[in-house]
Each structure stands twice: as structure tokens, then as C-alpha cells.
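Reader: Hey, I've just opened this one and I'm new to it. Can you walk me through it?
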Amino acid sequence: MLHNKWLYAQKLIFILPELDRYLVLLYLLNTKPPQAMKITHIEHIGIAVKSLDEAIPFYENVFGLKCYNVEEVKEQKVKTAFFMVGQTKIELLESTDPEGPIGKFIEKKGEGVHHIAYAVDKIEDQLQTAEEKGVNLIDKSPRKGAEGLDIAFLHPKSTFGVLTELCENKNK
Ligand code: ZN
């Protein structure tokens with residue numbers, strides 16, 4: 001009996017390295033090399049303004065765009081106004097609190113382009129890919145943004161200075 005076990009163990013020693021090699025090969029055949037993120041289009045461009053009451057008439061009367069929604073996002077301390085331009089939106093952001101992110105942005109840099117938002121599918125997967133590729137995530141997991149979208153921000157320090165938002169419309 002003991003002799004049989006020993007023989008078995010001896011066989012294992014010779015089998016294992018080959019098995020390992022086989023498993024590695026199997027893994028490689030069944031695993032894709034690391035993929036890049038998948039972005040479908042520019043969902044919106046976020047622009048920080050001091051006053052929606054001043055900016056909305058400008059966008060409507062000068063640019064001829066129609067504001068179709070004004071919404072407050074309390075946790076971000078902003079009021080947002082949306083305009084459709086083709087399949088891309090312009091999101092004007094007015095701060096409701098000087099200590100909020102938009103309030104601080106305007107104090108530091110003045111009014112202007114604040115972030116760019118890319119539409120993606122499976123936002124969790126895109127975030128994971130971004131992190132695997134060394135991008136610094138502001139949101140480790142998606143949260144609810146304006147218009148009921150799932151959103152997450154990437155840190156501008158790892159995206160060449162552009163605050164980048166990913167968003168997914170899970171209601172479509
Ligand atoms: Zn946005």
C-alpha cells in the first residue's frame with residue numbers, strides 16, 4: 001500500500017510540471033490580452049458658469065440651442081442646464097455653494113470648460129480597465145449623476161489635465 005502511494009507520488013512529480021505547462025497554455029488560449037476601454041461617443045461637455053440665468057439665454061438666443069432640462073444635483077452642490085447638440089449635450093454647471101466642486105473650480109480658474117463626459121457601456125468594466133491601466137479614479141464605483149445616469153470621474157492628473165467623466169444610461 002505504502003509502496004503504491006510512493007509510486008503515485010513519483011509519477012506526480014513527473015506529471016506536474018507538464019500539467020502546469022498545459023494549464024498555462026490553456027489559460028493563454030482562453031484569456032484575451034488586456035483590452036482598452038470602449039467609449040461610444042461624447043455624452044456631454046460640462047461647462048462651469050457663474051449664473052445659469054445669464055448663461056441659458058446666451059446659449060438659446062446666440063447659439064440657438066434649446067435648454068431642455070434644468071436639474072439640481074444636491075450632493076454635487078450644482079444646478080445643471082442641458083442643451084442637445086446632435087447626440088452630444090452641453091451641460092452648464094452653476095454652483096449652489098462656494099465650497100462645492102464647481103464653486104472652487106470657478107474661484108481657481110474662472111468660468112470655462114470643466115469636464116468632458118464619454119458615454120460607455122458596462123461602466124464598471126470600463127472603470128476596472130482604466131484602473132488596470134494605471135488611471136487614478138476619483139470614483140471607484142459608479143454613482144448617480146444628473147438625468148439618472150451612472151457616472152464616475154477619472155482624475156485629471158492621469159488624463160493629461162482633463163477631468164474625465166464616464167457615463168452610462170442604464171435606462172435606455
Ligand atoms: Zn457631467
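Author: Sure, starting with confidence: in the protein chain it is lowest in helix α1 (residues 2-30), with a mean of 65, and highest in helix α2 (residues 52-61), at 98. That score is pLDDT, the predictor's confidence in each residue, from 0 to 100. Helices (H or I, at least four residues) and strands (E, at least two) are DSSP runs, numbered from the N terminus.

Reader: What does the protein chain average?
Author: Its mean pLDDT is 89, and 88% of the residues score at least 70. This is a predicted model, where local features need pLDDT of at least 70, side-chain atom pairs count only at pLDDT 80 or more, and totals for chains, interfaces and linings use all residues. Residues are numbered from 1 along each chain as its sequence is written.

Reader: Ok, Thr-164: buried or exposed?
Author: Thr-164 counts as buried because it has 21 C-beta neighbours inside 10 Å. The cut-offs are 20 or more other C-beta atoms within 10 Å for buried, 12 or fewer for exposed, and partly exposed in between, with C-beta atoms placed from the backbone. Thr-164 sits in strand β8 (residues 164-168).

Reader: And how far is Thr-164 from Ile-45 in space?
Author: They are 9.7 Å apart, C-alpha to C-alpha, with their positions 119 residues apart in sequence.

Reader: Switching topic, what's phi of Phe-160?
Author: Near 55 degrees, a positive value in a residue other than glycine. Phe-160 lies in the loop between β7 (150-154) and β8, and it counts as exposed, with 7 C-beta neighbours inside 10 Å.
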